[in-house]
Amino acid sequence: MVVREDGRVLTIRRADNGTWEPPGGVLELDEAPEDGVRREVFEETGVKVEVGDLTGVYKNMTLGVVALVFRCRAEGGHEQLSDESTAVEWLSPEEVAERMGEVYSIRILDALRDDAPHVRSHDGRKILDA
């Protein structure tokens, strides 16, 4: 989760399904989580980040996939589209809640809170433990 000083967060509109999500992806086999965060954010947005604290762990109970969310700050680069994104925008928390599905918006809203880390489960669409 890349957060600017004004509280806006970096988001993408995915090229494959048109949904708004935070940038992210799957770690390479030999890649440390922090390195994967830097690589995925840069590949999808053109923004270089400094990786901060872990703010949440989110498990998709249907697929068995676990996502780790780190709060980051931009430290270079500039917003640009990629093969994976058709839009890159800095959204307010209100815009996040309007544009994103529950399982992605909660990750951003959790990352903006001071009581991290959060541990949540979901079914791919809805949070199972609020």
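In this predicted model, strand β4 (residues 65-77) is joined to β3 by eleven bridges, and the two strands run antiparallel. One place to see this pairing is Val51, which stands opposite Cys72 in β4. The two strands make up a hairpin, with four residues between them. In the turn sits Gly64, whose phi is positive, at about 75°. For background, most residues other than glycine have a negative phi.

Strand β3 has a further partner. Five bridges join β3 to β6, and here the strands run parallel. Tyr58, for example, stands opposite Arg120 in β6. Both kinds of pairing rest on a simple principle: strands of a sheet pair through backbone hydrogen bonds, either parallel or antiparallel.

Two residues of β3 give a feel for how its surroundings vary. Asn60 belongs to this strand, which spans residues 47-60. Is Asn60 buried or exposed? Its relative accessibility is 10%, and because buried means under 20%, Asn60 counts as buried. Setting aside neighbours within four places in sequence, Asn60 is in contact with Val65, His122, Asp123 and Gly124. Leu54 is also found in strand β3, but with 32% relative accessibility it counts as partly exposed. Together with Val66 and Leu68, Leu54 forms a nonpolar patch on the surface, and the accessible area of these residues together is about 240 Å².

Another sheet can be traced through β2, β1 and β5. These three strands form an open sheet in the order β2-β1-β5, with antiparallel pairing. The edge strands are β2 (20-21) and β5 (85-91), each of which pairs on one side only. Between β1 (residues 9-14) and β5 there are six bridges, in the antiparallel sense. To find a matching pair by eye, start at Val9: its bridge partner in β5 is Leu91. Helix α1 (residues 33-45) lies across β1 and β5, and it runs at about 60° to β1.

Charged side chains come next. Side chains of opposite charge can pair when their charged atoms come close. How many salt bridges does the model contain? The count comes to 14 salt bridges. One of them links Glu21 and Arg14, with the closest N and O atoms 3.5 Å apart. The partners differ in how far they are covered: Glu21 counts as buried at 7% relative accessibility, whereas Arg14 is partly exposed, with a relative accessible area of 26%.

Asp110 is worth a visit, as it takes part in salt bridges with Arg113 and with Arg120. In the pair with Arg113, the closest N and O atoms are 3.9 Å apart. Arg113 counts as partly exposed at 40% relative accessibility, while Asp110 is buried, with a relative accessible area of 1%. The side chains of Arg120 and Asp110 meet at 2.7 Å, N to O. Arg120 lies in strand β6 (residues 118-122) and Asp110 in helix α3 (residues 102-111), so this pair ties together parts that are ten residues apart in sequence. Both Arg120 and Asp110 are buried. Elsewhere, Glu28, Glu31, Arg39, Glu40 and Glu43 are joined into one network by salt bridges that share partners.

The loop between α3 and β6 holds another feature to look for. Pro117 has its place in this loop, and the peptide bond that joins Ala116 and Pro117 is cis, with omega at about 5°. As a general point of comparison, most peptide bonds are trans.

The segment after β6 is where Asp129 is found. Asp129 is partly exposed, with a relative accessible area of 30%. Not counting residues up to four places away in sequence, Asp129 touches Val119, Arg120 and Ser121. How far apart in space are Asp129 and Pro93? From C-alpha to C-alpha they are 21 Å apart, and in sequence they are 36 residues apart.

How values were computed: Residues numbered from 1 in each chain as written. Predicted model: local features only at pLDDT ≥ 70, side-chain atom pairs only at ≥ 80, totals over all residues. Heavy atoms only, no water. Buried < 20%, exposed > 50% of the residue type's maximum accessible area, 1.4 Å probe, protein only. Contact = heavy atoms within 4.5 Å. Pairing = 2+ DSSP bridges. Axes fitted to C-alpha atoms, helices over the stretch in contact; angles between N-to-C directions. Patch = residues over 30% accessible without salt bridge, like charges linked within 9 Å, V, L, I, M, F, W, Y side chains within 5 Å. Areas by Shrake-Rupley, 256 points an atom, 1.4 Å probe, with all protein chains shown as cover. Salt bridge = Lys/Arg side-chain N within 4 Å of Asp/Glu carboxyl O.
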